Amino acid sequence: MGAMSVRSQSSEPSELPEAAHRSGFACFVGRPNAGKSTLTNALVGQKVAITANQPQTTRHTVRGIVHRPEAQLILVDTPGLHKPRTLLGERLNDVVRTTWAEVDVIGFCLPANEKLGPGDRFIAKELAGIRKSPKVAIITKTDLVDSKTLAQQLIAVDQLGKELGITWAEIVPVSATANKQVDLLADLLIPMLPEGPPLYPEGDLTDEPEQVMIAELIREAALEGVRDELPHSIAVVVEEMLPREDRPADKPLLDIHANVFIERPSQKGIIIGPKGKRLKDVGIKSRKQIEALLGTPVFLDLHVKVAKDWQRDPKQLRRLGF
């Protein structure tokens, strides 16, 4: 395999003098469904990024924060870069490129169980143009393949770098679901961060406003089971969050009113389901997750509304938070 270094968690760390505290930003890139959000959640140890198993569901820059005594690693989760077909697509791609240029390290996620394809090349070419940030190739989903397939993928990724003139700072195989080498990955990313004090208070896991995170949880629940409908045609806006009045202090209740926006009236039935069953399930599922996130009982009031062709309309995009 030549001079390529593939890290595995075997070597004993040597005793090092006390190092300065580091803090900085890392961002995971990769084509849709490459395991970026699952990896973010595994590193942070709590569900912060949305992980519907459908491509292109991450829209906001959800940051997960990994706290270590010696470092703070802030993960910026950008939407997948893809060939844009709509105004929303173009806007997402601009967000991606700006983010890549500003982070301290980029992790390029490539699933172990799929051969490198045009989507990976498209992103790798873009990465080759970004000079400043070190790039780490992360082979994800290693629990799904045998060691021979993994070895072939490692060689293919090494080759891809050579072909495009990218020097991988590291090539690291991980499995977020089996929690293999996830800590090792953090150990490798941290030295690439600049020295500096923590940028966020210790309890923080993400700096996303709560409303945005709640909207993402509802959106994720609404996407589940509607494989055939475009995930992009759902947007969720939390209209208001109010503590219910006249509740005793030890039994608070938070009222959350949210709208699920779709593009066409024909999609309404799909989201609501026969006799409203699907929407009810979406409410139950997302309410549990919202309660876990906020640590308080919630009354969730969901409404489905049509916002005609919102993906192509700049005014609507702004109103829906893009």
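Trainee: Which residue just after H6 takes a positive phi?

Mentor: Glycine 225 does, with a phi of about 85 degrees. Keep in mind as we go that this model is predicted. Here is the general idea: most residues other than glycine have a negative phi. With that in hand, look at two residues that are not glycines. Glutamine 181 has a positive phi of about 65 degrees, and the phi of lysine 275 is positive too, near 55 degrees.

Trainee: Where do glutamine 181 and lysine 275 lie?

Mentor: Both are in loops. Glutamine 181 is in the loop between strand E6 (168-173) and helix H5 (182-189), while lysine 275 is in the loop between H7 and H8.

Trainee: Is glutamine 181 buried or exposed, and what about lysine 275?

Mentor: Glutamine 181 has a relative accessible area of 13%, so it counts as buried. Lysine 275, at 90% relative accessibility, counts as exposed.

Trainee: Let's go back to H6. How do I check the span of a helix like this one?

Mentor: Use 1.5 Å a residue. H6 covers residues 210-223, which is 14 residues, and should span 20 Å. The C-alpha atoms at its ends are 20 Å apart, in agreement with that expectation.

Trainee: How many residues of H6 are buried?

Mentor: Eleven of the 14 are, so the helix is largely enclosed by the rest of the structure. Among the buried ones are Met213, Ile214, Leu217 and Ile218, and also Glu216, Arg219 and Glu220.

Trainee: What covers the buried residues of H6?

Mentor: The cover includes strands E7, E8 and E9, along with helix H7 (268-272) and helix H8 (277-294).

Trainee: Those strands sound worth a look. How should I read a sheet?

Mentor: Start with the general idea: strands of a sheet pair through backbone hydrogen bonds, either parallel or antiparallel. In this structure, three strands form an open sheet in the order E7-E8-E9, with mixed pairing. E7 and E9 stand at the edges with a single partner strand each, so one side of each has no neighbour in the sheet. On average, neighbouring strands here are turned by 15 degrees against each other, direction ignored.

Trainee: Where does H6 sit relative to this sheet?

Mentor: H6 packs on the sheet and touches E7, E8 and E9. Its direction makes about 125 degrees with that of E7. H8 also lies across E7, E8 and E9, and runs at about 135 degrees to E9.

Trainee: Which pairing is antiparallel, and which is parallel?

Mentor: E7 (residues 235-243) and E8 run antiparallel, joined by eight bridges. E8 and E9 (residues 298-306) pair in the parallel sense, over nine bridges. You can follow single bridges as well: glutamate 240 has histidine 257 of E8 as its partner, and alanine 258 has leucine 302 of E9.

Trainee: How many residues of E8 are buried?

Mentor: Eight of its nine, so to speak a mostly covered strand, spanning residues 254-262.

Trainee: Now for cysteines. How many disulfides does the structure hold?

Mentor: The general idea is that a disulfide is a covalent bond between the sulfur atoms of two cysteines. This structure holds zero disulfides. Take cysteine 27: the closest cysteine sulfur, in cysteine 109, is 9.2 Å away, which is too far for a bond. Cysteine 27 counts as buried because its relative accessibility is 0%. Cysteine 109 is likewise at 0% relative accessibility and counts as buried.

Trainee: How do two helices pack in this model? I would like to try H1 and H5.

Mentor: Look at the angle and the distance between the axes. Helix H1 (residues 36-44) and H5 pack at an angle of about 85 degrees, with axes 10 Å apart. H1 and H5 are therefore roughly perpendicular to each other. Leu39, Ala42 and Leu43 of H1 make the contact with Val182, Leu185 and Ala186 of H5.

Trainee: One last residue, please. What does threonine 142 touch?

Mentor: Threonine 142 is in the loop between strand E5 (135-140) and helix H4 (147-164). Leaving aside residues up to four places away in sequence, threonine 142 touches Ala112, Leu150, Pro173, Val174 and Ser175. Its relative accessibility is 13%, so threonine 142 counts as buried.

Conventions. Residues are numbered from 1 along each chain as its sequence is written. This is a predicted model: local features need pLDDT of at least 70, side-chain atom pairs count only at pLDDT 80 or more; totals for chains, interfaces and linings use all residues. Side-chain values use heavy atoms; hydrogens and water are left out. Buried means under 20% relative accessible area, exposed over 50%, partly exposed in between (1.4 Å probe, protein chains only). Helices (H or I, at least four residues) and strands (E, at least two) are DSSP runs, numbered from the N terminus. Two strands pair if DSSP finds at least two bridges between them. The expected span of a helix is 1.5 Å times one less than its number of residues. Contact means heavy atoms within 4.5 Å. A disulfide is a pair of cysteine sulfur atoms within 2.5 Å. Axes are lines fitted to C-alpha atoms, for helices over the stretch in contact, and angles run from 0 to 180 degrees between N-to-C directions. Angles under 35 degrees count as roughly parallel, over 145 as roughly antiparallel, 65 to 115 as roughly perpendicular and the rest as oblique.
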